[in-house]
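Subject: Structure handover

Hello,

Please find the structure below, with the sequence alongside. My notes on it follow.

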Amino acid sequence: MTHRPTHEPLRPVRPHPVDTGRTDWDGSTPEPAAVDPAVLAALLHRHGWHRRGGAPGRYGRWTPPGPGGTTSLLVPDNRAFPDSDDLLVEALLALSRSGTPSAREILISLAVPSDEIRWSRDLPAGPAGTAPWTAEEQLRSAARRVLLAGALATRARAGYHGARHRRAAAASLANVLVGPASGGRLLTAFVPVTTGRPLAVRLHQALFAAREAVDYRRATGAPDAFDSAVAAGVSHELTEALVALVQGTEGARIAVAWAPAVGVPENCAAPAEPVEFSPGDLPALREAGARYLRAEPSVPVRLTGTVVRMRRTGPRGAGTVRLRVLAGADVPHVRITLDEEAYRIAGHAHLVGLPVRVLGRLESRGGFRRLTGACEVVPVQVDDAERDRLLKALQENVDVFGEACGGE
């Protein structure tokens, strides 16, 4: 067993995936002047609050869903009356102090106008209605995969994305806010309209297309509907995410609710009904995922990248090179097998701090991380500042010299 010396500083801890996203809401109550009373009323109605009387045309009295609710809000219908602002201040304060689970979600939607994406799962009931402690983690993981599949579909329509566009898709989720996963059964994500409306629209369309394709497969035995569903955003990544969501449950639903402050996007339903998947859909979803994986073709590309790793079994002959891609394909790295001459050119370019350009086919097998048929390997001239940066990176990874020469 090894022990860390007490005088050494602790290494930085990699953040939990849930904590890496930047949020635009700090938990404070929204400013009353920025709240539209009609939007507040629409959000209360969406989350199951009940309007029980009030002066028509002036204000309404809203009570939370379920028995025993103690919170009562007076919400003005508009700002036409002198006491409207006072009523809004009191209503927002009451929401911030309410123990009703939906109160926090309403405040988030007011502070950051967002489309809401809700996941709900029917889990087998445990003793006294409990659920396995892993259920919440499984729900969060599956929900993130669903969102990532939607984000990938906004960048390209493909049956299998692999590593393509993954960095940009993951970055687009940074501003998504998330609520608690209630016992692994319920989870709500808030997708800001200003940055995430295309994601919510594409996911909405893809979910309905996946549902229709599954129904067609189960009714006719033919998987052809999944081919046309690619145009709506269905992919291997989405089908695998749905499998992860439904597996181990008695059914799961995903619903998209549009931000009332912005309205319903063009060609989308209002209100959007939840899309439901059951354990009986799993064989069709798995079959579609495998079909997408097999059918996605390789892509001809001309890549520019910097050599970050070189390896071959001896001092001569062919070898394997790993490139950090700078241009030509939206993947972070690729592996290439080069003949002796091309390997030598790549090694020399690496030693002098130059990237290389190479022509080949990006293979779908392995997630578009391998380039085959590589040819026309040539160094690429860069400006002095970029060359100095590349040389500095080389000095920081000096172990690659041994590999470039054939050592381990």
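Trp119 stands opposite Ile254 in β7. That pair belongs to the antiparallel pairing of β4 with strand β7 (residues 252-257), which runs over 6 bridges. Please keep in mind throughout that this is a predicted model.

The two strands are part of an open sheet of 5 strands, in the order β5-β6-β4-β7-β8, with antiparallel pairing. At its edges are β5 and β8 (275-277), each of which pairs on one side only. Helix α6 (residues 193-220) lies across β4, β6, β7 and β8 of this sheet, and runs at about 130° to β6. In general, the strands of a sheet pair through backbone hydrogen bonds, in either a parallel or an antiparallel way.

Next, the surroundings of α3. How many of the 11 residues of helix α3 (residues 101-111) are buried? The count is 8, so the helix is largely enclosed by the rest of the structure. The buried residues are Ser102, Ala103, Glu105, Ile106, Leu107, Ile108, Ser109 and Leu110. What covers them includes two helices, α1 (37-46) and α2 (84-97), and the strands β4 (114-121), β5 (177-178) and β6 (186-192). Three of those names, β4, β5 and β6, also appear in the strand order of the sheet described above.

Helix α3 comes up again at the second largest pocket, where it gives the most to the lining, with 4 residues. The pocket holds about 440 Å³ of space. It is lined by 17 residues, and the closest to its centre are Glu105, Arg118, Leu186, Leu187 and Thr188. Glu105 is thus listed here as well as among the buried residues of α3. At least two residues of the lining come from each of α3, β4, β6 and β7.

A second open sheet has 3 strands in the order β1-β2-β3, with antiparallel pairing. Which strands stand at the edges of this one? They are β1 (50-51) and β3 (73-76); each has a single partner strand, so one side of each is left without a neighbour in the sheet. Between β1 and strand β2 (residues 59-63) there are 2 bridges, in the antiparallel sense. Arg51 has Trp62 as its bridge partner in β2. Helix α1 packs on this sheet, touching β2 and β3, and its direction makes about 135° with that of β3. Helix α2 packs on the sheet as well, touching β2 and β3, with its direction at about 140° to that of β3. Both helices were named above among the elements that cover the buried residues of α3.

The loop between β1 and β2 contains Arg52. Is Arg52 buried or exposed? Its relative accessible area is 52%, and the cut-off for exposed is over 50%, so Arg52 counts as exposed. Not counting residues up to four places away in sequence, Arg52 touches Arg61 and Thr63. The side chains of Arg52 and Thr63 are joined by a polar contact of 2.9 Å. From Arg52 to Trp62 the distance is 6.0 Å, C-alpha to C-alpha, although the two are 10 residues apart in sequence.

His236 is another residue to look at, found in helix α8 (residues 236-246). Its relative accessibility is 15%; since buried means under 20%, His236 counts as buried. Its side chain reaches the backbone oxygen of Gly289 at 2.9 Å. Leaving aside neighbours within four places in sequence, the residues in contact with His236 are Gly159, Tyr160, Gly289, Tyr292 and Leu293.

Further along the chain, strand β9 (residues 299-311) runs antiparallel to strand β12 (residues 356-363), and 7 bridges join them. Within that pairing, Val301 has Gly360 as its bridge partner in β12. Strand β9 also pairs with strand β10 (residues 319-327), again in the antiparallel sense and over 7 bridges. There, the bridge partner of Met310 in β10 is Val321.

Last, the totals. The secondary structure of the protein chain comes to 12 helices and 13 strands. The chain has 408 residues, of which 44% count as buried. Among contacts between residues at least 6 apart in sequence, 66% join residues at least 24 apart.

Regards

Methods
Residues are numbered from 1 along each chain as its sequence is written. This is a predicted model: local features need pLDDT of at least 70, side-chain atom pairs count only at pLDDT 80 or more; totals for chains, interfaces and linings use all residues. Side-chain values use heavy atoms; hydrogens and water are left out. Two strands pair if DSSP finds at least two bridges between them. Buried means under 20% relative accessible area, exposed over 50%, partly exposed in between (1.4 Å probe, protein chains only). A polar contact is a pair of N or O atoms within 3.5 Å; within protein, one must be able to donate a hydrogen and the other to accept it, and residues adjacent in sequence count only if both atoms are side-chain atoms. Contact means heavy atoms within 4.5 Å. Axes are lines fitted to C-alpha atoms, for helices over the stretch in contact, and angles run from 0 to 180 degrees between N-to-C directions. On a 1 Å grid over the protein atoms alone, a cavity is a set of points where a 1.4 Å probe fits but cannot get out, and a pocket is an open set with protein on both sides within 12 Å along at least five of seven lines; lining residues have an atom within 4 Å of a point. Grid points are joined across faces, edges and corners, and a volume is the space filled by probe spheres set on the points.
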